[in-house]
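Reader: Before we turn to the details, could we go through this model together, asking of each term why it applies?

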Amino acid sequence: MFTTATTTSQKILQMGAAILLFAAVIGLILFIAGRFTGKRDRAVAALYLAPTVLMLSVGLLYPGLRTIYQSFFDASLKNFIGFDNYVTILSDSEQLTVLRNTAFWVLVTPFVATGVGLLYAILVDKARMESFAKALIFLPMSISFVAAGVIWKFMYEYRPNQGTVKQIGFVNQIIVWLGGEPQQLLIDSPLNTFLLIAVMVWIQAGFAMTVLSAAIKAIPDDIVEAARLDGVGPWGMFRFVTLPAIRPAVIVVVTTIAIGTLKVFDIVQTMTGGRFDTSVIANEFYSQTFRSDNRGLGAALAVVLFILVIPIVVYNIRQLRRSEA
Amino acid sequence: MTTAAPLTTTPVSKAETKKLSAAATAKAKLSSPWASLAAVVLAVIWTIPTFGLLITSFRTTEDIRRTGWWTTFTNPLFTLDNYKAVLDPEQAGANLPDSFLNSLVMTIPSVLIPLCLASLAAYAFAWMNFPGKNFLFIAIFALQIVPLQVTLLPLLQLFVSWDIDGTFWTVWLSHSTFALPLAIYLLHNFIKEVPSSLIEAARIDGAGHVSIFFRVLLPLLTPALAAFGIFQFLWVWNDLLVSLTFAGSPAISPLTVQLSNLTGTRGTAWYLLSAGAFVSIIVPVTVFLLLQRYFVRGLLAGSVKG
């Protein structure tokens with residue numbers, strides 16, 4: 001039951017066994033909880049929360065603390081080396097490229113994706129076939145980053161410009177149609193990083209559009225009407241009515257996308273594997289930890305990722321508090 | 001997916017002016033033909049990449065290698081051979097039918113387990129009193145921001161010491177754990193909104209916590225459970241990082257891992273990659289199209305995950 005399932009029937013049986021085992025645990029918890037009558041909240045609450053607290057302690061808290069500890073050790077995790085891994089991240093030229101690329105990702109993706117999402121939400125607001133138009137933009141959200149990577153790698157595909165060879169990648173075909181030379185798009189740095197960022201924008205714009213569209217529709221009609229009676233023009237309406245009203249939603253969207261972007265791994269892994277100077281922290285963490293067996297450095301990269309997420313979350317919570325107050 | 005929506009802006013007649021939202025007013029006055037054109041252009045740009053690869057997946061190997069997919073319209077020739085090839089382990093060099101099953105086997109428990117556990121926990125936080133409640137709730141809420149990367153290596157070492165490395169258990173346990181903070185937060189927000197009079201009435205009738213949960217709350221919770229369920233389903237099905245770390249071996253690896261490997265080993269075999277990509281896309285896109293409303297609701301409930 002706890003061994004590797006190899007055949008189809010083994011796999012399905014193991015899944016069934018896992019679900020049954022889990023159901024038995026829940027059943028037991030509910031059975032014991034049912035025997036406490038009256039208002040004995042404490043005992044019941046402890047029962048209800050026990051599995052959650054256990055899983056989070058073992059599966060998130062302990063590994064997180066252990067990674068922080070391991071980040072002060074060398075590649076084999078045997079010798080304590082203080083802050084050397086962090087010094088490497090901040091001084092080694094390869095690692096600096098990783099930091100630079102991560103900065104590009106986090107600075108570009110959230111704003112472009114939110115901008116496109118907001119523009120599209122306004123353009124199709126109350127238009128005919130609004131939900132269909134939205135679904136087109138939103139569909140990439142349901143596709144895996146791996147599949148999105150394959151889709152865009154094909155867009156960027158390159159064929160040398162000689163004789164009767166024709167381009168099969170759409171982007172290079174457009175370049176040729178416009179009279180340019182086809183480029184090895186995913187090889188030239190730092191252009192290639194921006195081409196990978198385009199994939200993330202393609203995926204996240206749908207998220208931005210959905211949330212912002214809901215926020216726009218929630219603006220009370222009388223505010224809009226009052227502004228119109230005051231003779232506010234279209235840009236004024238956007239600048240002084242729409243934008244202030246959806247500001248909290250815009251902040252949530254930008255910060256959510258920024259956090260997601262910091263952790264982006266699949267796109268880089270699928271499209272370039274981090275080669276040609278395209279690696280980012282999340283990808284470098286994986287390469288160092290599992291490919292190069294440089295585990296101390298991998299741990300330090302994971303910690304850096306964690307540290308970078310914190311200010312974004314704090315900013316988000318502060319803004320939300322302010323808008324609620 | 002093929003055509004862009006024929007978008008028209010709302011005509012600004014006197015009768016309709018009142019109903020227009022701020023955005024619509026802004027748009028209408030930005031001269032409507034340009035606004036429509038911009039919307040169509042964006043829609044086309046967003047659709048072309050997927051559409052191009054979809055067309056490609058039905059073209060012959062020879063055609064794919066020689067010409068771009070856009071030439072198909074003047075010279076149409078379609079085949080299912082690419083799908084046959086990619087689903088045949090001998091030809092593809094990757095076992096997609098098996099990994100399709102693996103994806104399913106991984107995903108189903110990884111959705112059910114956190115849903116049940118989070119409902120129990122959210123109920124406890126919303127309707128019970130116990131010491132340390134606020135502290136514990138904030139602690140769980142804060143765990144949402146921990147990047148998965150921070151947990152992976154120590155977790156792998158734990159799984160090895162428990163002797164379950166390389167089994168589905170690693171994936172079920174880790175995905176269930178990672179989902180809990182967000183699930184508890186979302187469900188708690190939802191449960192909190194249930195009028196306390198309902199709960200009180202059930203209590204006066206002598207109902208205990210178990211029967212209140214099943215008879216009163218569960219029916220009300222269905223939309224929230226559906227929203228989070230779909231969210232988690234797509235997340236697990238589309239995940240690469242967790243699977244690559246814990247389930248990288250061919251016997252149990254899911255579609256994302258196999259497809260990702262294929263881009264490494266057969267990076268220029270577009271007849272395989274195109275068909276493979278759509279084999280991996282079919283389930284999430286179907287789920288998304290059928291249950292879009294719930295999915296959007298889940299998104300709007302706020303999501304900071306990973």
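**Reading the predicted model**

Author: In this predicted model, chain B has 16 helices and zero strands.

Reader: How do you know how much confidence the predictor places in chain B?

Author: The pLDDT of chain B averages 84, and 87% of its residues score at least 70. For the model, the scores are ipTM 0.89 and pTM 0.88.

Reader: Over which residues of chain B does pLDDT stay under 50?

Author: Those are residues 1-19 of chain B, for which the model nevertheless has 39 contacts beyond four places in sequence. Where pLDDT is low, the predicted coordinates should not be read in detail.

Reader: What makes up the fold of chain A, in helices and strands?

Author: Chain A has 13 helices and zero strands, so that its pattern along the sequence reads α-α-α-α-α-α-α-α-α-α-α-α-α.Reader: Why is chain A called more spread out than a compact globule?

Author: The globule rule gives 20 Å for 325 residues, whereas the radius of gyration of chain A is 25 Å, well over that value, and chain A is therefore more spread out than a compact globule. Along its principal axes, the C-alpha trace of chain A spans about 70 × 60 × 50 Å.

Reader: What share of each chain counts as buried?

Author: With a residue called buried if 20 or more other C-beta atoms lie within 10 Å of its own, 46% of the 325 residues of chain A count as buried, and for the 306 residues of chain B the figure is 49%.

Reader: Among contacts with a separation of 6 or more, what share comes from residues 24 or more positions apart?

Author: In chain A such residues account for 65% of those contacts, and in chain B they account for 72%.

**Domains and the contact between chains**

Reader: Which domains does the assignment give for each chain?

Author: Chain A is divided into domain 1 (8-70) and domain 2 (84-324), with their C-alpha centres 36 Å apart. In chain B the assignment gives domain 1 (14-89) and domain 2 (91-300), whose centres, taken over C-alpha atoms, are separated by 31 Å. The contact between these two domains of chain B takes 13 residues from domain 1 and 14 residues from domain 2.

Reader: Which elements give two or more residues to the side of domain 1 of chain B that touches domain 2 of chain B?

Author: They are α3 (32-57), α4 (61-66) and α5 (81-87) of chain B, and α5(B) gives the most, with five residues. By class, this side of domain 1 of chain B has eight nonpolar, four polar and one charged residues.

Reader: How many residues does each chain bring to the contact between chain A and chain B?

Author: Chain A brings 108 residues and chain B brings 100 residues. On the side of chain A that touches chain B, the largest share, 17 residues, comes from helix α2 (residues 41-70) of chain A, and the residues of that side divide into 68 nonpolar, 25 polar and 15 charged.

Reader: Which residues have the most contacts inside the largest nonpolar core?

Author: That core has 179 residues, and those with the most contacts inside it are A:A208, A:L212, B:A121, B:A183 and B:L187. Leaving aside neighbours within four places in sequence, A:A208 is in contact with A:A113, A:T114, A:G117, A:L118, A:V253 and A:I257.

**Backbone details of chain A**

Reader: What makes the peptide bond between A:S189 and A:P190 a cis bond?

Author: Its omega is about 0 degrees. A:P190 is placed in the loop between α7 (170-177) and α8 (191-217) of chain A. Most residues other than glycine have a negative phi, and most peptide bonds are trans.

Reader: Which phi does A:F276 have, and where is the residue placed?

Author: A:F276 is not a glycine, yet has a positive phi of about 55 degrees, and its place is in the loop between α11 (266-271) and α12 (281-291) of chain A.

Reader: Why is A:F276 called partly exposed?

Author: A:F276 has 17 C-beta neighbours inside 10 Å; buried would require 20 or more, and exposed 12 or fewer, so A:F276 counts as partly exposed.

Reader: Is A:D293, with 11 C-beta neighbours inside 10 Å, buried or exposed, and why?

Author: The cut-off for exposed is 12 or fewer, and A:D293, with 11 such neighbours, therefore counts as exposed. A:D293 is found in the loop between α12 and α13 (295-324) of chain A, and its phi, near 55 degrees, is a positive value in a residue other than glycine.

Conventions
Residues numbered from 1 in each chain as written. Chains lettered and ligands numbered in written order. Predicted model: local features only at pLDDT ≥ 70, side-chain atom pairs only at ≥ 80, totals over all residues. pLDDT = per-residue confidence, 0-100. Contact = placed C-beta atoms within 7 Å. Domains from an automatic or database assignment. Helix = DSSP H or I, 4+ residues; strand = E, 2+ residues; numbered from the N terminus. Nonpolar A, V, L, I, M, F, W, Y, C, P; charged D, E, K, R; others polar. Rg over C-alpha atoms; globule rule 2.2 N^0.38 Å. Core = buried A, V, L, I, M, F, W, Y, C linked by C-beta atoms within 7 Å.
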